[in-house]
Amino acid sequence: MKKKIIYLLFSLLILNNCGFSPIYSNTNKADFAIEVVEIEGDGVVNNLINSEINRISDTNSLNRYKIKITTNYNKIILSKDTKGIVSDYQIVVSATFAIQKDGESEVISFNEKKNVKNINNTFEQKNYEKIIKRNFAISIVRKLNLELLN
C-alpha cells in the first residue's frame with residue numbers, strides 16, 4: 001500500500017515538473033470570434049456544429065471570422081444478410097466551411113466516416129447514431145479550431 005502511494009506521489013511530481021500539458025489545452029483559449037452567417041445541410045449536424053462553434057468562440061475578440069457552413073450526412077449500406085436486411089453500413093459526415101476574414105476567403109472541408117453494425121433495436125440504433133453525429137461534430141469543430149489557430 002505504501003509503495004502505491006509513493007509511486008503515485010512520485011508520478012505526480014514528475015508530470016508536474018516535466019512541462020506536460022494536454023494536447024488541446026490551449027485550443028479552448030481561442031482568440032477569435034466566429035460568426036456563422038449561413039448554414040445548409042443536415043439539421044442535426046448543423047445544430048451540433050453551431051453549438052460547438054459558439055462554445056469555443058470568444059465574442060470579445062477583435063479577430064472575427066464569418067463562416068458559411070455546408071454539411072452532408074450519408075448512411076451508406078455496406079452489406080446485407082441473406083434475408084436482405086442491412087447488417088453493416090457506413091455513416092459519413094462531411095462539412096465545408098467557407099471562411100471570410102478581412103476580405104480574404106478560404107474554403108476548408110472535413111470528412112468523418114465510421115462503419116457501424118446494425119442493431120436490432122431501432123431505439124438503440126437511433127441513439128447510437130445521435131452519439132456518432134455528436135462525436136463527429138465535436139471532431140470537425142476541433143479540426144476547424146486548429147486550422148484557424150494556424
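In which strand does Gln 90 lie? Let me start there, with the reminder that what we are looking at is a predicted model. Gln 90 belongs to strand E3, which covers residues 86-101, and with a relative accessible area of 18% this residue is buried. Its side chain makes a polar contact, at 3.2 Å, with the side chain of Asn 115. If we set aside the neighbours within four places in sequence, the contacts of Gln 90 are Asn 74, Lys 75, Ile 76 and Leu 78, together with Lys 113, Lys 114 and Asn 115.

Let me now step back to the protein as a whole. There are three helices and four strands, and, read from the N terminus, the elements follow the order α-β-α-β-β-β-α. Of the 150 residues, 28% count as buried, and the exposed surface comes to about 10500 Å², of which carbon and sulfur atoms supply 53%. Among the contacts with a separation of 6 or more, 63% are accounted for by residues 24 or more positions apart.

That brings me to the core. In soluble globular proteins, nonpolar side chains tend to be buried together. Here the largest nonpolar core has 26 residues, and those with the most contacts inside it are Ile 49, Ile 53, Ile 67, Phe 97, Ile 99 and Leu 144. At least two residues of this core come from each of helix H2 (43-56), strand E2 (64-80), E3, strand E4 (104-117) and helix H3 (122-149), and it is H3 that gives the most, with seven residues. To take one of the well-connected residues, Ile 53 is in contact with Ile 34, Val 36, Ile 69, Phe 97, Val 141 and Leu 144, once its neighbours within four places in sequence are left aside.

Since H3 gives the most to this core, I would like to spend a moment on that helix. H3 has 28 residues and reaches 41 Å from its first C-alpha to its last, which is close to the 40 Å expected at 1.5 Å a residue. Its N-terminal end is capped by Asn 121, a side-chain oxygen of which lies 3.1 Å from the backbone nitrogen of Phe 123. The buried residues of H3 are Gln 125, Glu 129, Ile 132, Lys 133, Phe 136, Ala 137, Ile 140, Val 141, Leu 144, Asn 145 and Leu 148. As a reminder for reading that list, an α-helix has 3.6 residues a turn, so residues three or four places apart point the same way. The cover over the buried residues of H3 includes strand E1 (33-40), H2, E2, E3 and E4.

Helix H2 also holds a residue I want to mention, namely Asn 46, which counts as buried because its relative accessibility is 5%, under the 20% cut-off. The side chain of Asn 46 reaches the backbone oxygen of Glu 40 at 3.3 Å, and, apart from neighbours within four places in sequence, Asn 46 is in contact with Ile 39, Glu 40, Gly 41, Ile 69 and Thr 71. Asn 46 and Ala 95 are 49 residues apart in sequence, yet 9.1 Å apart in space, C-alpha to C-alpha.

Next, the aromatic residues, where the structure holds two pairs. In one of them, the rings of Phe 32 and Tyr 65 have their centres 5.6 Å apart and their planes at 90°, so this pair is edge-to-face. Because Phe 32 lies in the loop between helix H1 (2-17) and E1, while Tyr 65 lies in strand E2, the pair ties together parts that are 33 residues apart in sequence. Both partners are buried, Phe 32 with a relative accessible area of 3% and Tyr 65 at 12% relative accessibility.

I will finish around strand E4, where Glu 106 is found. At 45% relative accessibility Glu 106 counts as partly exposed, and, not counting residues up to four places away in sequence, Glu 106 touches Phe 97, Ala 98 and Ile 99. In the loop between E3 and E4 we find Asp 102, which is exposed, with a relative accessible area of 70%. What is the sign of phi at Asp 102? Most residues other than glycine have a negative phi; at Asp 102, however, phi is positive, near 55°.

Key
Residues numbered from 1 in each chain as written. Predicted model: local features only at pLDDT ≥ 70, side-chain atom pairs only at ≥ 80, totals over all residues. Heavy atoms only, no water. Buried < 20%, exposed > 50% of the residue type's maximum accessible area, 1.4 Å probe, protein only. Polar contact = N/O pair within 3.5 Å; in protein donor to acceptor, adjacent residues only side chain to side chain. Contact = heavy atoms within 4.5 Å. Areas by Shrake-Rupley, 256 points an atom, 1.4 Å probe, with all protein chains shown as cover. Core = buried A, V, L, I, M, F, W, Y, C linked by side-chain atoms within 4.5 Å. Expected span 1.5 Å × (residues − 1). Phe/Tyr/Trp six-rings, centres within 6.5 Å; stacked < 30°, edge-to-face > 60°.
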